[in-house]
Amino acid sequence: MLAAVVTFAGSLVVALLAVTLVHRVVRRLGRRSALSAGLARHAHKPALAVAVLVAAQVSLGVAAHGDWRPVALHVTGIALILAGAWLLASLLVVIEDATLARIRVDVSDNRHARRVHTQITLVRRVTVVVVSVLAAAAVLMTFPGARAAGTSILASAGVIGAIAALAAQSLLGNVFAGVQIAFSDALRLDDVVVVDGQWGRIEDITLTYVVVHLWDDRRLILPTAYFLKTPFENWTRTQSALLGTVELDLDWTVPVEDLRQELRHALESSDLWDGRVCVLQVTDAVGSFVRVRALVSASDAGRLWDLRCVAREHLVGWLRSRHPGALPQVRVRELPRAAVAAPKAATNGSSDNRVFGESADGEERVQAFSGPDQAVQPR
């Protein structure tokens with residue numbers, strides 16, 4: 001017993017010294033490397049746990065004797081499996097974080113970067129789940145009863161799988177939808193979307209749900225399967241640059257060419273315009289107004305919204321100050337009384353206001369549409 005304790009103490013000291021030395025070296029390297037900094041931050045505690053358990057396993061295997069030795073070895077082995085899974089998951093998270101740190105998303109055209117971020121984020125969640133499942137399976141396989149029951153479990157795996165798939169149909173559908181979204185490039189983190197009439201940005205994508213950060217700071221949480229079954233608008237699918245419209249209903253006297261030049265002047269004086277598109281057209285001229293549409297462009301959705309508001313305010317202010325007659329108005333003209341009464345007096349004795357009678361053609365029409373028992377009286 002004393003030999004086992006001494007062996008364990010010596011192994012524990014050696015393991016702790018080794019882990020501490022490696023941790024200091026990695027932390028010093030972390031000043032120049034993001035990967036080393038992540039290792040020092042995330043892998044230190046699981047590495048300590050693995051070192052302690054390895055020391056205990058070695059001491060029990062070499063110097064321990066007695067009836068309690070197999071039980072202690074079994075417990076230590078289970079703990080070592082769990083600690084190893086913890087260390088492996090931490091290493092995978094560190095590698096994924098280092099990869100994400102090298103890909104910048106704070107640039108104007110970050111479509112590829114957002115795609116990689118989406119894929120790595122979902123792969124991280126999948127790897128953690130896979131490592132946890134494998135660790136649980138390894139722990140179960142350390143029990144002789146579990147190994148003996150493996151044959152019967154595999155024999156009934158088909159029935160159990162069918163029942164589980166039926167019971168978890170919605171959950172599995174969302175999980176597969178999340179994986180499909182990650183690698184189909186249909187939806188990425190920070191994409192600007194319009195979902196169910198709501199405008200917002202993709203804030204988070206998990207295996208089961210998607211969080212949309214709406215423009216008014218609300219969060220719309222939808223299952224991932226929603227984006228495979230329901231149409232939605234993705235404004236940054238291919239690029240972040242967008243086109244937007246500003247429509248005004250104006251009077252027919254509006255000076256279109258002057259308004260077009262004023263629009264260009266307003267856009268050129270704004271840092272929101274990306275210089276691609278500046279078009280002003282009359283798209284409708286029916287009724288009392290003409291509809292003028294201005295088409296503008298910006299580098300992203302947020303700038304486009306502000307640019308549309310700036311252009312609208314500028315054009316409205318310019319029309320009010322320079323051409324107030326071009327603003328929307330309804331004209332009402334009152335006719336003189338003589339002009340209104342003259343047509344009525346002229347039609348009193350005219351035959352042009354009668355379809356039947358008052359003319360030769362009208363008399364024929366009267367005879368044609370009169371019944372057989374009705375006598376046509378000559379006029």
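Which residues of the largest nonpolar core touch the most other members? The exercises below work towards this and related points.

The structure is a predicted model, in which local features need pLDDT of at least 70 and side-chain atom pairs count only at pLDDT 80 or more, while totals for chains, interfaces and linings use all residues. Residues are numbered from 1 along each chain as its sequence is written, and side-chain values use heavy atoms, with hydrogens and water left out.

**Exercise 1. Describe the chain as a whole.**

Solution. Begin with the secondary structure: the chain has 14 helices and eight strands, where helices (H or I, at least four residues) and strands (E, at least two) are DSSP runs numbered from the N terminus. Next, take burial, for which buried means under 20% relative accessible area, exposed over 50%, and partly exposed in between, with a 1.4 Å probe and protein chains only. Of the 379 residues in the chain, 30% are buried. Finally, turn to contacts, meaning heavy atoms within 4.5 Å: among those with a separation of 6 or more, 63% join residues 24 or more positions apart.

**Exercise 2. Find the residues at the heart of the question above, and the elements that supply the core.**

Solution. A nonpolar core is a set of buried Ala, Val, Leu, Ile, Met, Phe, Trp, Tyr and Cys residues joined through side-chain atoms within 4.5 Å. The largest one has 26 residues, of which Leu250, Val254, Leu259, Leu263, Leu267, Leu307 and Leu319 touch the most other members. At least two residues of this core come from each of strand E6 (242–250), helix H11 (256–268), strand E7 (273–286), strand E8 (289–298) and helix H12 (301–322). The most is given by H12, with seven residues. As a further step, follow Leu263, which, leaving aside its neighbours within four places in sequence, is in contact with Cys278, Val279, Leu280, Ala294, Val296, Ala311 and Leu315. Another core, of 15 residues, lies apart from the largest one and has Leu189, Leu207, Val210 and Tyr226 among its members.

**Exercise 3. Trace the open sheet from one edge to the other.**

Solution. Two strands pair if DSSP finds at least two bridges between them. Five strands form the open sheet in the order E4-E3-E2-E1-E5, with antiparallel pairing, and the edge strands E4 and E5 (233–234) each pair on one side only. Starting from E4 (residues 219–223), five bridges join this strand to E3, and Val211 has Ile221 in E4 as its bridge partner. E3 (residues 209–214) in turn pairs with E2 (residues 198–205) over five bridges; here Arg201 stands opposite His213 in E3, and a hairpin of three residues joins E2 to E3. At the other edge, two bridges join E1 to E5, where Val193 has Asn234 in E5 as its bridge partner.

**Exercise 4. Locate three residues with a positive phi and state the exposure of two of them.**

Solution. As background, most residues other than glycine have a negative phi. Asp190 has a positive phi near 70° and is found in the loop between helix H9 (169–184) and strand E1 (192–195); its relative accessibility of 30% makes Asp190 partly exposed. Asp196, with a positive phi near 55°, lies in the loop between E1 and E2, and Asp196 is exposed, with a relative accessible area of 63%. The third residue is Asp217, which takes a positive phi near 70° in the hairpin of E3 and E4, where four residues stand between the strands.
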